[in-house]
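Please work through the exercises below with the sequence and the model open side by side. Each task is followed by a solution that goes step by step.

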Amino acid sequence: MISVSNVTMRYGQKLLFEDVSVTFTSGRRYGLTGPNGAGKSTFMKILSGEMDAQKGTVVRPRKVGVLSQNQYAFDQYRVIDTVIMGNRRLWEALEEREIIYNKPEMTDEDGSRLGELEGIVGEEDGYEGEANAAILLQGLDIPDELHERQMSELQGGQKVRVLLAQALFGEPQALLLDEPTNYLDLESILWLQEFLVRYNGTLITISHDRHFLNSVCTHIADIDYETIILYNGGYDDMVEQKTAIRTRIEAQNEQREKKIAQLNEFIARFSAGTRSSQVNSRKKEVERLATTELARSNIQRPYIRFEQARPSGKHVLEFDNIRKAYEQKDGTPLQVIDGFSAACTRGDKIVLMGRNGQGKTTLLKALLANASGVDEKDVSIDSGTVKWGHEAQIGYFAQDFRASIQPGITVNEWLHQFDPEASTEDIRGILGRMLFRGEEGLKITDALSGGEAARLLFCKLMLQKPNVLVLDEPSNHLDLEAINALNTALQKYEGTVLLVTHDLDLIEEVATRIWHFSGGPNHFHIEDFKGPYSEYQQKSALAAR
(Lines give C-alpha, C1' and ligand atoms only; values in the text may rest on other atoms or scores of the structure.)
Protein backbone atom coordinates (compact mmCIF):
# COMPACT_ATOMS: atom_id res chain seq x y z
CA MET A 1 0.00 0.00 0.00
CA ILE A 2 1.15 3.55 -0.76
CA SER A 3 -0.52 6.41 1.11
CA VAL A 4 -0.33 10.08 0.10
CA SER A 5 -1.48 12.85 2.44
CA ASN A 6 -1.99 16.53 1.54
CA VAL A 7 0.67 16.56 -1.18
CA THR A 8 1.10 19.80 -3.14
CA MET A 9 3.45 20.50 -6.08
CA ARG A 10 3.86 23.57 -8.25
CA TYR A 11 6.47 24.93 -10.65
CA GLY A 12 6.60 28.72 -10.52
CA GLN A 13 3.07 29.95 -11.17
CA LYS A 14 1.89 26.58 -12.49
CA LEU A 15 0.03 24.47 -9.93
CA LEU A 16 0.17 20.77 -10.79
CA PHE A 17 -1.86 19.43 -7.86
CA GLU A 18 -2.84 20.70 -4.43
CA ASP A 19 -3.58 18.97 -1.09
CA VAL A 20 -3.82 15.54 -2.74
CA SER A 21 -4.69 12.71 -0.38
CA VAL A 22 -5.08 9.26 -1.90
CA THR A 23 -4.39 5.65 -0.96
CA PHE A 24 -3.12 3.09 -3.48
CA THR A 25 -4.20 -0.30 -2.15
CA SER A 26 -2.27 -3.56 -2.40
CA GLY A 27 -3.65 -5.93 -5.03
CA ARG A 28 -4.92 -3.10 -7.24
CA ARG A 29 -3.34 -1.82 -10.43
CA TYR A 30 -3.56 1.92 -11.03
CA GLY A 31 -3.00 3.80 -14.26
CA LEU A 32 -1.76 7.35 -13.68
CA THR A 33 -3.20 9.48 -16.49
CA GLY A 34 -3.29 13.09 -17.61
CA PRO A 35 -2.00 15.08 -20.59
CA ASN A 36 1.68 15.88 -21.14
CA GLY A 37 2.75 18.47 -18.57
CA ALA A 38 0.04 17.56 -16.05
CA GLY A 39 2.63 16.29 -13.54
CA LYS A 40 2.47 12.50 -13.92
CA SER A 41 6.22 11.89 -13.85
CA THR A 42 6.63 14.44 -11.04
CA PHE A 43 4.01 12.65 -8.94
CA MET A 44 5.69 9.30 -9.67
CA LYS A 45 9.03 10.67 -8.46
CA ILE A 46 7.34 11.86 -5.26
CA LEU A 47 5.87 8.38 -4.74
CA SER A 48 9.27 6.72 -5.23
CA GLY A 49 11.10 9.16 -2.94
CA GLU A 50 13.29 10.49 -5.75
CA MET A 51 11.71 13.92 -5.23
CA ASP A 52 10.22 15.59 -2.16
CA ALA A 53 6.80 17.20 -2.33
CA GLN A 54 6.64 20.88 -1.43
CA LYS A 55 3.98 19.93 1.09
CA GLY A 56 2.56 16.66 2.43
CA THR A 57 3.78 13.15 3.22
CA VAL A 58 4.09 9.78 1.47
CA VAL A 59 4.12 6.37 3.18
CA ARG A 60 5.50 3.52 1.05
CA PRO A 61 6.45 -0.16 1.65
CA ARG A 62 10.06 -1.29 2.17
CA LYS A 63 10.51 -2.90 -1.26
CA VAL A 64 9.45 -0.70 -4.17
CA GLY A 65 10.36 -1.53 -7.77
CA VAL A 66 10.99 1.61 -9.85
CA LEU A 67 11.61 1.78 -13.60
CA SER A 68 14.80 3.81 -14.00
CA GLN A 69 14.68 6.53 -16.67
CA ASN A 70 18.49 6.77 -17.02
CA GLN A 71 19.60 4.28 -19.68
CA TYR A 72 23.29 4.92 -19.00
CA ALA A 73 23.40 4.64 -15.20
CA PHE A 74 24.42 0.95 -15.24
CA ASP A 75 26.75 0.86 -18.26
CA GLN A 76 29.68 -0.55 -16.23
CA TYR A 77 27.67 -3.53 -14.93
CA ARG A 78 26.71 -6.89 -16.40
CA VAL A 79 23.15 -7.18 -17.67
CA ILE A 80 22.28 -9.91 -15.14
CA ASP A 81 23.73 -7.83 -12.27
CA THR A 82 21.76 -4.77 -13.35
CA VAL A 83 18.54 -6.77 -12.96
CA ILE A 84 19.52 -8.08 -9.52
CA MET A 85 20.16 -4.50 -8.38
CA GLY A 86 16.40 -4.13 -8.43
CA ASN A 87 16.50 -5.78 -4.98
CA ARG A 88 18.77 -3.29 -3.23
CA ARG A 89 19.02 -5.24 0.03
CA LEU A 90 20.09 -8.41 -1.81
CA TRP A 91 22.57 -6.59 -4.07
CA GLU A 92 24.25 -4.79 -1.16
CA ALA A 93 24.57 -8.11 0.71
CA LEU A 94 26.09 -9.80 -2.36
CA GLU A 95 28.59 -6.96 -2.86
CA GLU A 96 29.66 -6.96 0.79
CA ARG A 97 29.94 -10.77 0.75
CA GLU A 98 32.19 -10.59 -2.32
CA ILE A 99 34.47 -8.04 -0.62
CA ILE A 100 34.89 -10.29 2.44
CA TYR A 101 35.58 -13.39 0.31
CA ASN A 102 38.28 -11.49 -1.61
CA LYS A 103 40.22 -10.60 1.56
CA PRO A 104 43.58 -12.45 1.93
CA GLU A 105 42.61 -13.38 5.49
CA MET A 106 39.24 -13.27 7.24
CA THR A 107 38.84 -12.24 10.85
CA ASP A 108 36.33 -13.70 13.29
CA GLU A 109 34.31 -10.54 12.79
CA ASP A 110 34.33 -11.17 9.03
CA GLY A 111 33.11 -14.71 9.59
CA SER A 112 30.28 -13.50 11.79
CA ARG A 113 29.31 -10.88 9.23
CA LEU A 114 29.36 -13.50 6.47
CA GLY A 115 26.80 -15.51 8.41
CA GLU A 116 24.54 -12.46 8.61
CA LEU A 117 24.98 -11.76 4.90
CA GLU A 118 24.20 -15.36 3.95
CA GLY A 119 21.01 -15.02 5.98
CA ILE A 120 20.02 -11.92 4.00
CA VAL A 121 20.81 -13.67 0.70
CA GLY A 122 18.62 -16.59 1.75
CA GLU A 123 15.76 -14.35 2.89
CA GLU A 124 15.82 -12.47 -0.42
CA ASP A 125 15.94 -15.67 -2.51
CA GLY A 126 19.43 -14.67 -3.64
CA TYR A 127 20.62 -18.21 -4.40
CA GLU A 128 18.05 -18.28 -7.22
CA GLY A 129 18.68 -14.64 -8.09
CA GLU A 130 20.46 -15.12 -11.42
CA ALA A 131 17.95 -17.75 -12.56
CA ASN A 132 15.00 -15.50 -11.67
CA ALA A 133 16.65 -12.53 -13.38
CA ALA A 134 17.22 -14.64 -16.51
CA ILE A 135 13.51 -15.57 -16.66
CA LEU A 136 12.53 -11.88 -16.60
CA LEU A 137 15.08 -11.04 -19.30
CA GLN A 138 13.90 -13.86 -21.55
CA GLY A 139 10.30 -12.71 -21.23
CA LEU A 140 11.38 -9.24 -22.33
CA ASP A 141 13.29 -10.65 -25.34
CA ILE A 142 16.84 -10.23 -23.97
CA PRO A 143 18.48 -13.48 -25.17
CA ASP A 144 20.74 -15.59 -22.94
CA GLU A 145 23.90 -14.63 -24.84
CA LEU A 146 23.48 -11.00 -23.70
CA HIS A 147 23.03 -11.73 -19.99
CA GLU A 148 26.79 -11.72 -19.28
CA ARG A 149 27.50 -8.67 -21.47
CA GLN A 150 28.09 -5.16 -20.17
CA MET A 151 25.08 -2.83 -20.29
CA SER A 152 27.20 -0.44 -22.41
CA GLU A 153 27.15 -3.02 -25.23
CA LEU A 154 23.33 -3.01 -25.52
CA GLN A 155 21.20 -0.87 -27.79
CA GLY A 156 18.89 1.76 -26.28
CA GLY A 157 15.71 -0.33 -26.58
CA GLN A 158 17.45 -3.35 -25.02
CA LYS A 159 18.65 -1.23 -22.09
CA VAL A 160 15.09 -0.08 -21.40
CA ARG A 161 13.91 -3.69 -21.25
CA VAL A 162 16.73 -4.62 -18.84
CA LEU A 163 15.73 -1.69 -16.61
CA LEU A 164 12.15 -2.91 -16.71
CA ALA A 165 13.34 -6.37 -15.60
CA GLN A 166 15.24 -4.59 -12.79
CA ALA A 167 12.03 -2.96 -11.57
CA LEU A 168 10.18 -6.29 -11.62
CA PHE A 169 12.94 -8.27 -9.88
CA GLY A 170 12.73 -9.43 -6.28
CA GLU A 171 8.97 -9.47 -5.82
CA PRO A 172 8.63 -5.80 -4.76
CA GLN A 173 5.60 -4.89 -2.66
CA ALA A 174 4.89 -1.96 -4.98
CA LEU A 175 5.77 -1.24 -8.61
CA LEU A 176 6.15 2.27 -10.05
CA LEU A 177 6.45 2.09 -13.84
CA ASP A 178 6.78 5.27 -15.92
CA GLU A 179 6.04 4.46 -19.59
CA PRO A 180 7.01 0.76 -19.34
CA THR A 181 5.86 -0.03 -22.91
CA ASN A 182 8.16 2.51 -24.56
CA TYR A 183 10.59 0.71 -26.90
CA LEU A 184 8.84 -2.63 -26.33
CA ASP A 185 7.55 -4.65 -29.27
CA LEU A 186 4.04 -6.08 -29.20
CA GLU A 187 5.08 -9.53 -27.93
CA SER A 188 7.00 -7.97 -25.04
CA ILE A 189 4.04 -5.71 -24.22
CA LEU A 190 1.69 -8.70 -24.13
CA TRP A 191 4.14 -10.59 -21.88
CA LEU A 192 4.34 -7.57 -19.56
CA GLN A 193 0.53 -7.30 -19.45
CA GLU A 194 0.22 -10.93 -18.34
CA PHE A 195 2.97 -10.48 -15.74
CA LEU A 196 1.35 -7.39 -14.24
CA VAL A 197 -2.15 -8.90 -14.15
CA ARG A 198 -0.69 -11.70 -11.99
CA TYR A 199 1.19 -9.25 -9.76
CA ASN A 200 -0.22 -9.11 -6.21
CA GLY A 201 1.31 -5.87 -4.91
CA THR A 202 0.45 -2.23 -5.59
CA LEU A 203 1.04 -1.22 -9.20
CA ILE A 204 1.09 2.40 -10.38
CA THR A 205 1.93 2.91 -14.03
CA ILE A 206 2.06 5.82 -16.45
CA SER A 207 1.28 4.82 -20.01
CA HIS A 208 0.05 6.40 -23.23
CA ASP A 209 -1.05 2.98 -24.50
CA ARG A 210 -4.84 2.83 -24.14
CA HIS A 211 -5.03 -0.93 -24.76
CA PHE A 212 -2.35 -1.55 -22.10
CA LEU A 213 -4.23 0.54 -19.52
CA ASN A 214 -7.54 -1.15 -20.32
CA SER A 215 -5.95 -4.62 -20.10
CA VAL A 216 -3.93 -4.14 -16.92
CA CYS A 217 -5.55 -1.51 -14.69
CA THR A 218 -8.27 -2.05 -12.10
CA HIS A 219 -8.35 1.70 -11.34
CA ILE A 220 -7.30 4.98 -12.95
CA ALA A 221 -5.77 7.85 -10.97
CA ASP A 222 -6.37 10.86 -13.20
CA ILE A 223 -4.45 14.11 -12.71
CA ASP A 224 -6.84 16.88 -13.67
CA TYR A 225 -8.57 19.91 -12.13
CA GLU A 226 -5.39 20.44 -10.03
CA THR A 227 -5.99 17.24 -8.07
CA ILE A 228 -5.99 13.45 -8.49
CA ILE A 229 -9.31 11.63 -8.82
CA LEU A 230 -9.67 7.83 -8.61
CA TYR A 231 -11.95 5.98 -11.01
CA ASN A 232 -12.87 2.30 -11.10
CA GLY A 233 -11.88 0.26 -14.17
CA GLY A 234 -9.56 0.91 -17.08
CA TYR A 235 -8.94 4.00 -19.19
CA ASP A 236 -12.13 3.78 -21.27
CA ASP A 237 -14.17 3.33 -18.07
CA MET A 238 -12.55 6.46 -16.61
CA VAL A 239 -13.33 8.55 -19.69
CA GLU A 240 -16.98 7.45 -19.56
CA GLN A 241 -17.32 8.18 -15.82
CA LYS A 242 -15.49 11.49 -16.06
CA THR A 243 -17.65 12.66 -18.95
CA ALA A 244 -20.87 11.58 -17.19
CA ILE A 245 -19.94 13.40 -13.96
CA ARG A 246 -19.08 16.63 -15.74
CA THR A 247 -22.19 16.43 -17.94
CA ARG A 248 -24.38 15.94 -14.86
CA ILE A 249 -22.82 18.91 -13.03
CA GLU A 250 -23.19 21.11 -16.13
CA ALA A 251 -26.88 20.11 -16.46
CA GLN A 252 -27.51 20.82 -12.77
CA ASN A 253 -25.83 24.20 -13.10
CA GLU A 254 -27.96 25.06 -16.14
CA GLN A 255 -31.16 24.32 -14.20
CA ARG A 256 -29.94 26.31 -11.21
CA GLU A 257 -29.01 29.28 -13.41
CA LYS A 258 -32.54 29.32 -14.87
CA LYS A 259 -34.05 29.24 -11.39
CA ILE A 260 -31.67 31.99 -10.18
CA ALA A 261 -32.62 34.16 -13.17
CA GLN A 262 -36.33 33.79 -12.31
CA LEU A 263 -35.69 34.67 -8.65
CA ASN A 264 -33.55 37.70 -9.57
CA GLU A 265 -36.31 38.93 -11.87
CA PHE A 266 -38.80 38.77 -8.95
CA ILE A 267 -36.31 40.57 -6.66
CA ALA A 268 -35.77 43.33 -9.24
CA ARG A 269 -39.54 43.84 -9.74
CA PHE A 270 -40.62 43.94 -6.08
CA SER A 271 -37.55 45.07 -4.08
CA ALA A 272 -38.97 48.61 -3.77
CA GLY A 273 -42.50 47.49 -2.99
CA THR A 274 -44.40 46.03 -0.07
CA ARG A 275 -43.32 42.41 -0.56
CA SER A 276 -40.01 42.77 1.30
CA SER A 277 -40.34 39.47 3.17
CA GLN A 278 -40.82 37.57 -0.10
CA VAL A 279 -37.88 39.46 -1.67
CA ASN A 280 -35.61 38.56 1.27
CA SER A 281 -36.73 34.95 1.05
CA ARG A 282 -35.81 34.81 -2.63
CA LYS A 283 -32.42 36.44 -1.98
CA LYS A 284 -31.63 33.65 0.45
CA GLU A 285 -32.80 31.13 -2.14
CA VAL A 286 -30.40 32.67 -4.72
CA GLU A 287 -27.50 32.28 -2.26
CA ARG A 288 -28.46 28.65 -1.62
CA LEU A 289 -28.67 27.87 -5.32
CA ALA A 290 -25.26 29.32 -6.17
CA THR A 291 -23.92 27.15 -8.99
CA THR A 292 -21.14 24.68 -8.44
CA GLU A 293 -18.03 26.21 -9.96
CA LEU A 294 -16.48 23.85 -12.50
CA ALA A 295 -12.71 23.77 -12.25
CA ARG A 296 -11.04 24.03 -15.61
CA SER A 297 -9.75 20.74 -17.02
CA ASN A 298 -6.12 20.66 -18.21
CA ILE A 299 -6.91 18.12 -20.93
CA GLN A 300 -6.22 19.45 -24.41
CA ARG A 301 -7.34 17.43 -27.40
CA PRO A 302 -5.51 17.95 -30.71
CA TYR A 303 -7.37 17.65 -33.98
CA ILE A 304 -5.65 15.65 -36.72
CA ARG A 305 -7.08 15.40 -40.20
CA PHE A 306 -5.04 14.01 -43.07
CA GLU A 307 -6.19 15.17 -46.50
CA GLN A 308 -4.88 14.59 -50.01
CA ALA A 309 -4.04 17.43 -52.38
CA ARG A 310 -4.95 14.92 -55.10
CA PRO A 311 -5.35 11.13 -55.05
CA SER A 312 -2.68 8.77 -56.31
CA GLY A 313 -3.13 6.27 -59.09
CA LYS A 314 -4.60 2.86 -58.29
CA HIS A 315 -1.19 1.17 -58.18
CA VAL A 316 0.71 3.07 -55.49
CA LEU A 317 3.82 0.95 -55.02
CA GLU A 318 5.45 -2.13 -56.52
CA PHE A 319 8.76 -3.58 -55.40
CA ASP A 320 10.62 -6.75 -56.27
CA ASN A 321 13.34 -8.76 -54.52
CA ILE A 322 14.33 -6.04 -52.04
CA ARG A 323 17.55 -6.81 -50.22
CA LYS A 324 19.23 -4.84 -47.45
CA ALA A 325 22.10 -5.86 -45.13
CA TYR A 326 24.04 -4.17 -42.34
CA GLU A 327 27.61 -4.68 -41.25
CA GLN A 328 27.85 -6.12 -37.73
CA LYS A 329 30.50 -5.25 -35.15
CA ASP A 330 32.65 -8.21 -36.22
CA GLY A 331 32.58 -7.00 -39.82
CA THR A 332 30.25 -9.71 -41.14
CA PRO A 333 27.05 -8.68 -43.00
CA LEU A 334 23.61 -9.24 -41.45
CA GLN A 335 20.96 -9.74 -44.13
CA VAL A 336 17.87 -8.08 -42.67
CA ILE A 337 15.64 -7.83 -45.77
CA ASP A 338 16.19 -10.83 -48.02
CA GLY A 339 14.26 -10.77 -51.29
CA PHE A 340 10.87 -9.38 -50.22
CA SER A 341 8.40 -8.47 -53.00
CA ALA A 342 4.91 -6.95 -52.84
CA ALA A 343 2.52 -4.47 -54.45
CA CYS A 344 0.30 -1.87 -52.75
CA THR A 345 -2.90 -0.39 -54.10
CA ARG A 346 -4.57 2.92 -53.29
CA GLY A 347 -6.25 2.87 -49.87
CA ASP A 348 -4.19 0.02 -48.40
CA LYS A 349 -3.43 0.58 -44.70
CA ILE A 350 -0.50 -1.71 -44.02
CA VAL A 351 0.83 -2.21 -40.49
CA LEU A 352 4.38 -3.56 -40.17
CA MET A 353 4.49 -5.81 -37.10
CA GLY A 354 7.17 -7.86 -35.37
CA ARG A 355 9.75 -7.82 -32.62
CA ASN A 356 12.33 -5.06 -32.42
CA GLY A 357 15.35 -5.53 -34.65
CA GLN A 358 13.61 -7.65 -37.29
CA GLY A 359 13.75 -5.10 -40.10
CA LYS A 360 10.55 -3.00 -40.07
CA THR A 361 12.31 0.37 -40.16
CA THR A 362 14.91 -1.06 -42.54
CA LEU A 363 12.21 -2.00 -45.06
CA LEU A 364 10.57 1.43 -44.88
CA LYS A 365 13.90 3.13 -45.54
CA ALA A 366 14.62 0.78 -48.44
CA LEU A 367 11.25 1.60 -50.03
CA LEU A 368 11.89 5.34 -49.59
CA ALA A 369 15.36 5.21 -51.16
CA ASN A 370 14.18 6.50 -54.55
CA ALA A 371 10.90 8.16 -53.50
CA SER A 372 10.35 11.69 -54.77
CA GLY A 373 10.12 14.39 -52.13
CA VAL A 374 11.87 12.32 -49.43
CA ASP A 375 15.29 13.76 -48.61
CA GLU A 376 16.14 11.78 -45.48
CA LYS A 377 19.86 10.98 -45.33
CA ASP A 378 19.73 7.37 -44.16
CA VAL A 379 17.30 5.83 -46.67
CA SER A 380 19.02 3.24 -48.87
CA ILE A 381 18.71 -0.11 -50.63
CA ASP A 382 21.29 -2.77 -51.59
CA SER A 383 19.46 -4.42 -54.47
CA GLY A 384 16.01 -4.95 -55.97
CA THR A 385 13.60 -2.59 -57.68
CA VAL A 386 11.14 -0.11 -56.19
CA LYS A 387 8.56 1.67 -58.33
CA TRP A 388 6.26 4.30 -56.88
CA GLY A 389 3.05 4.79 -58.83
CA HIS A 390 1.65 7.74 -60.78
CA GLU A 391 1.10 10.88 -58.66
CA ALA A 392 2.31 9.18 -55.46
CA GLN A 393 3.12 11.94 -52.97
CA ILE A 394 4.72 10.71 -49.78
CA GLY A 395 4.57 12.13 -46.26
CA TYR A 396 7.20 10.55 -44.00
CA PHE A 397 7.32 10.42 -40.19
CA ALA A 398 10.71 8.96 -39.22
CA GLN A 399 11.28 7.04 -36.00
CA ASP A 400 14.12 9.46 -35.25
CA PHE A 401 11.94 12.39 -36.23
CA ARG A 402 14.01 15.06 -34.45
CA ALA A 403 16.61 14.82 -37.23
CA SER A 404 13.86 15.94 -39.64
CA ILE A 405 13.38 19.28 -37.87
CA GLN A 406 15.83 22.05 -38.73
CA PRO A 407 17.30 23.63 -35.58
CA GLY A 408 17.68 27.31 -34.86
CA ILE A 409 14.43 28.62 -36.39
CA THR A 410 10.93 29.20 -35.06
CA VAL A 411 8.11 26.70 -35.31
CA ASN A 412 6.29 29.06 -37.70
CA GLU A 413 9.34 29.42 -39.96
CA TRP A 414 10.03 25.70 -40.08
CA LEU A 415 6.46 24.83 -41.01
CA HIS A 416 5.99 27.65 -43.53
CA GLN A 417 8.87 26.44 -45.73
CA PHE A 418 6.82 23.39 -46.77
CA ASP A 419 4.17 25.65 -48.34
CA PRO A 420 5.54 29.17 -48.95
CA GLU A 421 2.18 30.20 -50.42
CA ALA A 422 0.28 29.36 -47.22
CA SER A 423 -1.04 32.41 -45.38
CA THR A 424 -0.12 33.26 -41.81
CA GLU A 425 -3.68 32.33 -40.82
CA ASP A 426 -3.31 28.90 -42.47
CA ILE A 427 -0.09 28.21 -40.55
CA ARG A 428 -1.57 29.40 -37.27
CA GLY A 429 -4.69 27.34 -37.85
CA ILE A 430 -2.76 24.10 -38.36
CA LEU A 431 -0.50 24.81 -35.40
CA GLY A 432 -3.55 25.59 -33.26
CA ARG A 433 -5.13 22.25 -34.15
CA MET A 434 -1.99 20.59 -32.76
CA LEU A 435 -2.07 22.72 -29.57
CA PHE A 436 0.56 25.31 -30.51
CA ARG A 437 -1.37 28.32 -29.22
CA GLY A 438 -0.63 32.04 -29.22
CA GLU A 439 3.08 32.81 -29.02
CA GLU A 440 4.09 29.13 -29.13
CA GLY A 441 4.54 29.46 -32.89
CA LEU A 442 7.56 31.66 -32.10
CA LYS A 443 9.20 28.91 -30.06
CA ILE A 444 12.66 27.86 -31.35
CA THR A 445 12.67 24.31 -32.71
CA ASP A 446 15.65 23.34 -30.51
CA ALA A 447 13.51 23.89 -27.40
CA LEU A 448 10.68 21.53 -28.38
CA SER A 449 9.89 18.55 -26.16
CA GLY A 450 9.53 15.10 -27.74
CA GLY A 451 5.73 15.40 -27.79
CA GLU A 452 5.85 18.92 -29.26
CA ALA A 453 8.27 17.85 -31.99
CA ALA A 454 6.02 14.91 -32.91
CA ARG A 455 2.98 17.19 -33.08
CA LEU A 456 4.92 19.60 -35.32
CA LEU A 457 5.66 16.73 -37.74
CA PHE A 458 1.92 16.07 -37.95
CA CYS A 459 1.40 19.76 -38.74
CA LYS A 460 3.80 19.32 -41.67
CA LEU A 461 1.89 16.28 -42.94
CA MET A 462 -1.43 18.11 -42.68
CA LEU A 463 0.02 21.08 -44.57
CA GLN A 464 1.58 18.96 -47.34
CA LYS A 465 -1.57 16.82 -47.88
CA PRO A 466 0.23 13.73 -49.24
CA ASN A 467 -1.66 10.71 -50.63
CA VAL A 468 0.76 8.21 -49.02
CA LEU A 469 1.67 8.28 -45.33
CA VAL A 470 4.79 6.39 -44.20
CA LEU A 471 4.79 6.48 -40.39
CA ASP A 472 7.49 4.81 -38.27
CA GLU A 473 6.28 4.50 -34.64
CA PRO A 474 4.51 7.88 -34.66
CA SER A 475 2.82 7.44 -31.27
CA ASN A 476 5.99 7.05 -29.15
CA HIS A 477 6.00 10.61 -27.77
CA LEU A 478 2.27 11.36 -27.85
CA ASP A 479 -0.13 11.46 -24.93
CA LEU A 480 -3.37 9.49 -24.94
CA GLU A 481 -5.47 12.31 -26.38
CA ALA A 482 -3.06 12.76 -29.31
CA ILE A 483 -2.86 9.01 -29.95
CA ASN A 484 -6.66 8.79 -30.03
CA ALA A 485 -6.73 11.72 -32.48
CA LEU A 486 -4.12 9.97 -34.66
CA ASN A 487 -6.12 6.74 -34.58
CA THR A 488 -9.28 8.50 -35.75
CA ALA A 489 -7.41 10.44 -38.45
CA LEU A 490 -5.82 7.31 -39.91
CA GLN A 491 -9.16 5.48 -39.99
CA LYS A 492 -10.75 8.38 -41.92
CA TYR A 493 -7.78 8.98 -44.25
CA GLU A 494 -8.56 7.98 -47.84
CA GLY A 495 -4.95 7.61 -48.97
CA THR A 496 -2.44 4.79 -48.49
CA VAL A 497 -0.68 4.10 -45.17
CA LEU A 498 2.49 2.21 -44.24
CA LEU A 499 2.62 2.16 -40.43
CA VAL A 500 5.11 0.71 -37.94
CA THR A 501 3.54 0.56 -34.47
CA HIS A 502 3.30 -1.60 -31.35
CA ASP A 503 0.06 0.10 -30.23
CA LEU A 504 -2.54 -2.66 -30.33
CA ASP A 505 -5.48 -0.26 -30.71
CA LEU A 506 -3.86 1.29 -33.79
CA ILE A 507 -3.15 -2.17 -35.19
CA GLU A 508 -6.68 -3.43 -34.59
CA GLU A 509 -8.55 -0.33 -35.73
CA VAL A 510 -6.43 0.96 -38.63
CA ALA A 511 -4.84 -2.00 -40.44
CA THR A 512 -6.42 -3.50 -43.54
CA ARG A 513 -3.26 -5.51 -44.25
CA ILE A 514 -0.39 -6.93 -42.17
CA TRP A 515 3.30 -7.34 -42.98
CA HIS A 516 4.53 -9.56 -40.15
CA PHE A 517 8.28 -9.75 -39.51
CA SER A 518 9.76 -12.80 -37.79
CA GLY A 519 12.97 -14.79 -37.46
CA GLY A 520 16.55 -13.79 -36.74
CA PRO A 521 19.27 -13.35 -35.84
CA ASN A 522 20.51 -14.81 -39.13
CA HIS A 523 17.32 -15.52 -41.04
CA PHE A 524 14.43 -13.06 -41.31
CA HIS A 525 11.05 -13.63 -42.89
CA ILE A 526 8.20 -11.27 -43.85
CA GLU A 527 4.64 -12.57 -44.22
CA ASP A 528 2.23 -10.49 -46.32
CA PHE A 529 -1.33 -11.00 -45.01
CA LYS A 530 -4.11 -9.23 -46.90
CA GLY A 531 -6.70 -8.59 -44.21
CA PRO A 532 -7.19 -6.93 -40.80
CA TYR A 533 -5.39 -7.97 -37.64
CA SER A 534 -8.36 -9.93 -36.25
CA GLU A 535 -8.29 -12.23 -39.30
CA TYR A 536 -4.52 -12.52 -39.07
CA GLN A 537 -4.85 -13.63 -35.45
CA GLN A 538 -7.42 -16.28 -36.40
CA LYS A 539 -5.15 -17.60 -39.14
CA SER A 540 -2.15 -17.71 -36.78
CA ALA A 541 -4.19 -19.53 -34.11
CA LEU A 542 -5.30 -22.18 -36.61
CA ALA A 543 -1.75 -22.64 -37.87
CA ALA A 544 -0.49 -23.12 -34.30
CA ARG A 545 -2.84 -26.05 -33.60
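**Exercise 1. Find which residues Phe 306 is in contact with, leaving aside its neighbours within four places in sequence, and place Phe 306 in its core.**

Step 1. In this predicted model, and with sequence neighbours up to four places away set aside, Phe 306 is in contact with Phe 458, Leu 461, Met 462 and Leu 469, and also with Leu 486, Ala 489, Leu 490 and Tyr 493.

Step 2. Phe 306 belongs to the largest nonpolar core, which has 49 residues, and together with Leu 456 and Leu 490 it touches the most other members of that core. The element that gives the most to this core is helix H14, spanning residues 450-464, with 9 residues.

Step 3. Apart from this core there is a second, separate one of 43 residues, with Ala 133, Met 151, Leu 196 and Phe 212 among them.

**Exercise 2. Determine how many cavities of 30 Å³ or more the structure holds, and describe the linings of the largest and the second largest.**

Step 1. Rolling a probe the size of a water molecule over the atoms shows where empty space is left. A search of the whole structure finds 3 cavities of 30 Å³ or more.

Step 2. The largest cavity contains about 210 Å³ of space and is lined by 17 residues, those nearest its centre being Thr 181, Asn 182, Asp 209, Ser 475 and Asn 476. Sorted by class, this lining has 8 polar, 5 nonpolar and 4 charged residues.

Step 3. The second largest cavity has a volume of about 50 Å³, and its lining is made up of Thr 33, Gly 34, Pro 35, Asp 222, Tyr 235, Met 238, Ile 299, Leu 480 and Glu 481. Two or more of these lining residues come from helix H9 (235-270), and two or more from helix H15 (480-492). By class, the lining of the second largest cavity has 5 nonpolar, 2 polar and 2 charged residues.

**Exercise 3. Decide whether Arg 161 is buried or exposed, and state which backbone oxygen its side chain reaches.**

Step 1. Arg 161 lies in helix H6, residues 156-168. Its relative accessibility is 5%, and because buried means under 20%, Arg 161 counts as buried.

Step 2. The side chain of Arg 161 reaches the backbone oxygen of Asp 141 at 3.2 Å. Not counting residues up to four places away in sequence, Arg 161 touches Asp 141 along with Leu 140, Ile 142, Tyr 183, Leu 184, Ser 188 and Asn 356.

**Exercise 4. For Asn 6 and Leu 435, state the value of phi, and then give the location and burial of each residue.**

Step 1. Asn 6, although it is not a glycine, has a positive phi of about 55°. Asn 6 is part of strand E1, residues 2-11, and counts as partly exposed because its relative accessibility is 41%.

Step 2. Leu 435, also a residue other than glycine, has a positive phi near 75°. Leu 435 sits in the loop between helix H13 (424-433) and H14, and it counts as buried because its relative accessibility is 12%.

**Exercise 5. Locate Glu 18 and state how far it lies from Leu 368 in sequence and in space.**

Step 1. Glu 18 is found in strand E2, residues 14-24, where a relative accessibility of 40% makes Glu 18 count as partly exposed.

Step 2. Leaving aside neighbours within four places in sequence, Glu 18 is in contact with Val 7, Thr 8 and Glu 226.

Step 3. Glu 18 and Leu 368 are separated by 350 residues in sequence and by 50 Å in space, taken from C-alpha to C-alpha.

Terms used: Residues are numbered from 1 along each chain as its sequence is written. This is a predicted model: local features need pLDDT of at least 70, side-chain atom pairs count only at pLDDT 80 or more; totals for chains, interfaces and linings use all residues. Side-chain values use heavy atoms; hydrogens and water are left out. A nonpolar core is a set of buried Ala, Val, Leu, Ile, Met, Phe, Trp, Tyr and Cys residues joined through side-chain atoms within 4.5 Å. Buried means under 20% relative accessible area, exposed over 50%, partly exposed in between (1.4 Å probe, protein chains only). Helices (H or I, at least four residues) and strands (E, at least two) are DSSP runs, numbered from the N terminus. Contact means heavy atoms within 4.5 Å. On a 1 Å grid over the protein atoms alone, a cavity is a set of points where a 1.4 Å probe fits but cannot get out, and a pocket is an open set with protein on both sides within 12 Å along at least five of seven lines; lining residues have an atom within 4 Å of a point. Grid points are joined across faces, edges and corners, and a volume is the space filled by probe spheres set on the points. Ala, Val, Leu, Ile, Met, Phe, Trp, Tyr, Cys and Pro count as nonpolar, Asp, Glu, Lys and Arg as charged, and the others, Gly among them, as polar. A polar contact is a pair of N or O atoms within 3.5 Å; within protein, one must be able to donate a hydrogen and the other to accept it, and residues adjacent in sequence count only if both atoms are side-chain atoms.
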